[in-house]
Amino acid sequence: MISFALSLVALILGYFVYGRFVERVFAPDDRETPAVAKADGVDFMVLPSWKIFMIQFLNIAGTGPIFGAIMGAQFGPAAYLWIVLGCIFAGSVHDYLSGMLSVRHGGINQPEIIGSYLGKTTKQVMLVFAVFLLMMVGAVFVYSPATLLQGLCVEHAPSASLLGDSTFWIIVIFAYYLIATMMPIDKIIGKVYPLFAFSLLFMAAALLVMLFVKQPNIPELWEGLPGAALTPDAIFPCLFITIACGAISGFHATQSPLMARCMKSERQGRPIFYGAMITEGIVALIWATVAMYFFYDQPTPGYETMEGGRDIINKAPSIVSMICDNWLGLFGSILAILGVVAAPITSGDTALRSARLIIADFIHLEQRSIRKRLYVCVPLFAAVIALLIWQISDANGFKTIWSWFGWSNQTLSVFMLWAITVYLVRQKKPYVITLIPALFMTVVCTTYLFSAQLFKLEGSATALIAGGALVVALVWFLVWYRKETNKQ
């Protein structure tokens, strides 16, 4: 618990110290924001800062800092290092600067930000890449909550045959997605999301209290694990892909423009973007610690004291429900349902909303009228339905999509970090704050792509390729930097 307490303090200090430094690097001012200059009553509108924070937190979180942290905790206390260092020096910097660049460029979406600094060709590649990633999010976050809702209904209302059918819940969730994607942002998202965000935060706070009450005897950073890790996966790069939303996630940069279009002042950026990411890191830290109690508590691991035991070690939703049931009682069970059902649904609908806006911006189709929103939504939802049908029909469909989602999510962060680095160089600002994370994540994503998870190459071959990618990226940057500074 000492490692946990130190990590918690580090995240809080990171917001006040490093977060303020990054804010000064960007230097927000009093210029007119897109929410004021482009107000359209649909996507561009001023919202209260507290509401923007809550929506941003839920948009970027979903179940990411819960499920990812639980699975990452299988690697032991090393998860603390990645959550703390990744969140403070990579994820929060990525989220803040990508969000602020969107604000300063009129509320543009992630592919346009990347294109502005990495070129038109990269923009077009990233547009397809980002839209496909968002479609995968939509498909994954329809199927998993539908399955959970089906299971809950079979358990608690076995006579209600319709409610026990996953197809029924898929249709219900898709109908909600279509409505939420089409409606003005203040009508559904602005009203419902703060409630769900509060539920996630309250659940994390309650578990934080229980951790200090129970004082589980879990491994400290300097002790390592009492035995072998509970996963056969290599800690590098798998830990850095598994824990994404609690450390760094490219998906966040697709969500930040939604809130960049609702800010009244640039000075709101640090609490909204950097602060939401630090908050997500704290949630991930709490869940990683809870999971380590479940996996490694001494002398008896938590899973041996609960019904289901070791059989659910790899089932993150079951671990969430079990922990909440045992630690928080009936109220905890309700919060768990909100966490494992509502959170992925809210991530899915904002993912599809982002996809609508990215496509609409690319084809220069205004979104004030419902008819023109339908022009984008109908083919978009048809593609997601096709992806969902394939996922359900293939026994390994979910696992395949999730593997590619994890890699593409972090790869998206790589391109955004490189784009921000180019911006900082051109503005003669300290670019090293994003250059180092960009190089590190380039190696992580290259290693994962060619590792046993995807292309199944041997460790030495993968290391050689990843090392080559690092050298190429660094040389490419240095050559470009020399040309750029000579022009200046």
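This tour moves through a predicted model, one selection at a time.

**Stop 1: the nonpolar surface patch**

Begin on the surface by selecting Ile2, Leu6, Leu81, Leu85, Phe89, Leu221 and Trp222, which together make a nonpolar patch of about 710 Å². Colour helix H1 (2-16) and helix H6 (78-104) next, since each of these supplies at least two residues of the patch. Which helix gives the largest share? That is H6, with 3 residues. Centre the view on Leu85, which is found in H6. Leu85 is partly exposed, at a relative accessible area of 46%.

**Stop 2: the salt bridges around Asp29, Asp30 and Arg31**

The model holds 12 salt bridges in total. Side chains of opposite charge can pair when their charged atoms come close. Select Asp29 and Arg31 to see one such pair, with N and O 2.8 Å apart. Arg31 is partly exposed, with a relative accessible area of 40%, and Asp29 is likewise partly exposed, at 23%. Now extend the selection to Arg104 and Glu266: with Asp29 and Arg31, these residues form a network of salt bridges.

Move next to Asp30 and display Arg267 along with it. The two form a salt bridge whose closest N and O atoms are 2.9 Å apart. The pair links distant parts of the chain, 237 residues apart: Arg267 sits in the loop between H12 and helix H13 (269-296), and Asp30 in the loop between helix H2 (18-26) and helix H3 (34-37). Are these residues buried or exposed? Arg267 is partly exposed, with a relative accessible area of 45%, while Asp30 counts as exposed at 63%.

**Stop 3: a buried salt bridge**

Select Arg353 and Asp43, whose side chains meet in a salt bridge with an N to O distance of 2.9 Å. Arg353 lies in helix H14 (residues 316-362) and Asp43 in the loop between H3 and helix H4 (49-61), so this pair ties together parts of the chain that are 310 residues apart in sequence. Here both partners, Arg353 and Asp43, are buried.

**Stop 4: Gln255 in helix H12**

Go to helix H12 (residues 251-260) and select Gln255 within it. Gln255 is buried, with a relative accessible area of 0%. Which side chain does Gln255 join through a polar contact? The partner is Thr350, at 2.9 Å. Display the remaining surroundings as well: apart from residues up to four places away in sequence, Gln255 touches Gln56, Asn59, Ile60, Leu134, Thr350, Ala351 and Ser354.

**Stop 5: Thr411 and Cys445**

Select Thr411 in helix H16 (residues 397-426). Thr411 is buried, at a relative accessible area of 9%. What lies in contact with Thr411, once neighbours within four places in sequence are left aside? The contacts are Phe129 and Cys445. Draw a distance between the C-alpha atoms of Thr411 and Cys445: these atoms are separated by 6.1 Å, although the residues are 34 apart along the chain.

**Stop 6: Asp297 and Pro216**

Turn to the loop between H13 and H14, where Asp297 is found. Asp297 is buried, with a relative accessible area of 11%. Its C-alpha atom is separated by 6.1 Å from that of Pro216, a residue 81 places away along the chain. Beyond neighbours within four places in sequence, Asp297 is in contact with Pro216, Asn217, Ile218, Met292 and Gly302.

**Stop 7: the cysteines**

Finish by selecting the cysteine sulfurs. How many disulfides does the model contain? The count comes to 0. Cys87 illustrates why: its closest cysteine sulfur, in Cys245, is 11 Å away, too far for a bond, given that a disulfide requires two sulfurs within 2.5 Å. Cys262 is also in no disulfide, the nearest cysteine sulfur being that of Cys377 at 17 Å. As for their surroundings, Cys87 is buried, with a relative accessible area of 0%, and Cys262 is buried, with a value of 0%.

Key. Residues numbered from 1 in each chain as written. Predicted model: local features only at pLDDT ≥ 70, side-chain atom pairs only at ≥ 80, totals over all residues. Heavy atoms only, no water. Buried < 20%, exposed > 50% of the residue type's maximum accessible area, 1.4 Å probe, protein only. Patch = residues over 30% accessible without salt bridge, like charges linked within 9 Å, V, L, I, M, F, W, Y side chains within 5 Å. Areas by Shrake-Rupley, 256 points an atom, 1.4 Å probe, with all protein chains shown as cover. Salt bridge = Lys/Arg side-chain N within 4 Å of Asp/Glu carboxyl O. Helix = DSSP H or I, 4+ residues; strand = E, 2+ residues; numbered from the N terminus. Polar contact = N/O pair within 3.5 Å; in protein donor to acceptor, adjacent residues only side chain to side chain. Contact = heavy atoms within 4.5 Å.
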